[in-house]
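Work through the exercises below with the sequence and the model in view. Each task is followed by its solution in steps.

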Amino acid sequence: MLLCMTIMIAYTTHNGPSSVFTELGGQFMRRDVAATTINMTYTYPSYDILMVLGDSNTQFANDPAKNGFVSQLAEFYQRQMDVLNRGFRGYNTSSTREIIGSVLPKTSVAQDSTVAPDDSAPLFKVAKRQLQLNSRADKTTKALWPYQKQNYPGISNILQLLIILFGTNDSRVEWSEAYNPIDQYAKDLQYFITLLQDPGSEHYSPDARIMIITPPVVGDRKIQELAKSRNTEPEWYNNRTQTYAAKAIEVAKAANVVYADLHTEMEGVVAEYRKNISSTDVLDGYDNYLIDGIHLNANGSAILFGLIHDTIAKNWPEMIPLTS
């Protein structure tokens, strides 16, 4: 699986030559050439991949100023893996399912090539060998995890871990456009898993690790305040999101994949926070971990990163770097 980029740098006109735009001194200059189209394909060296797939809580998690959990993962795995943020604001699992084919990497060396690869080419031999190593049924390559120390990019970027975090939008009230019935939510999560585990899938990645994360808590009080200020009704309720969190765990167990229960973890932290402030108000504490009732703030992101770290350490200790 090579990370390639094809750039079309010319277009053909109906009545005359084509135009090519080149960058010169920061300015784009136009020059006429004979009608032709030039295809340039670059093989870009890359580390293996850790991908985080989710909604706005993932999209916004690249911001280090907010202690975003994806930015923390990128720092944790620097010079060891490329951490890809594939968060889509406003999406639920069903809308993500419509674009997932363009999100997950394809695992065939010649999948996107219009010509047969040259088996004698050195780069192809290395890539082919790497795919063979990563598709061994006996999983022995996991014991040879090469990323516990700093290293350099190569040409074979294998998906090592997919983290899936959905449920906040899916669990919205029925009149919301983003609402997704809970049974469909479960089917979509299973579909994402199947794409990596089914040998007939073009995204088949038998050695890819999968982690499903339950959606975070909802701060009902903040949601109600915001809805009132907008003269509308709340779209989120914590008890609804909790139901979807339980369904995500059910899917993970049935598929025998790893899960991390963020919802329960945050409920425990919020309950402990209430004890420390001697509060009996069941709505107290959520604002300490959420920006607007649904999106993680720096404290909430710290909880999630810690949970991901501990889940990796428990299930795949070979993925914890020996050096940073």
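**Exercise 1: the open sheet**

The strands β7-β6-β8-β9-β10, in this order and with parallel pairing, form an open sheet of 5 strands. The model is predicted: local features need pLDDT of at least 70, side-chain atom pairs count only at pLDDT 80 or more, and totals for chains, interfaces and linings use all residues. Residues are numbered from 1 along each chain as its sequence is written, and side-chain values use heavy atoms, with hydrogens and water left out.

Task: state which strands stand at the edges and how β6 pairs with β7.

Solution.
- Step 1. Strands are DSSP runs of E of at least two residues, helices are runs of H or I of at least four, and both are numbered from the N terminus. Two strands pair if DSSP finds at least two bridges between them.
- Step 2. β7 (82–87) and β10 (258–260) each have a single partner strand, so they stand at the edges with one side left without a neighbour in the sheet.
- Step 3. From one strand to the next, the twist averages 20°.
- Step 4. β6 (residues 49–54) pairs with β7 in the parallel sense over 6 bridges. Opposite N85 in β7 stands V52.

**Exercise 2: the surroundings of N92**

Task: decide whether N92 is buried or exposed, and find what it touches.

Solution.
- Step 1. N92 is located in the loop between β7 and α3 (93–97).
- Step 2. Buried means under 20% relative accessible area, exposed over 50%, and partly exposed in between (1.4 Å probe, protein chains only). N92 has 7% relative accessibility and therefore counts as buried.
- Step 3. A contact requires heavy atoms within 4.5 Å. Leaving out residues up to four places away in sequence, N92 touches F166, N169, D170, A178, Y179 and N180.
- Step 4. A polar atom of the N92 side chain lies 2.8 Å from the backbone oxygen of A178.

**Exercise 3: two helices**

Task: classify the crossing of α8 and α9 by angle.

Solution.
- Step 1. Axes are lines fitted to C-alpha atoms, for helices over the stretch in contact, and angles run from 0 to 180 degrees between N-to-C directions. The axes of α8 (residues 262–276) and α9 (residues 298–315) come within 11 Å and cross at roughly 125°.
- Step 2. Angles under 35 degrees count as roughly parallel, over 145 as roughly antiparallel, 65 to 115 as roughly perpendicular and the rest as oblique. α8 is therefore oblique to α9.
- Step 3. L262, E265, M266 and V269 of α8 make the contact with I303, L304 and L307 of α9.

Conventions: A polar contact is a pair of N or O atoms within 3.5 Å; within protein, one must be able to donate a hydrogen and the other to accept it, and residues adjacent in sequence count only if both atoms are side-chain atoms.
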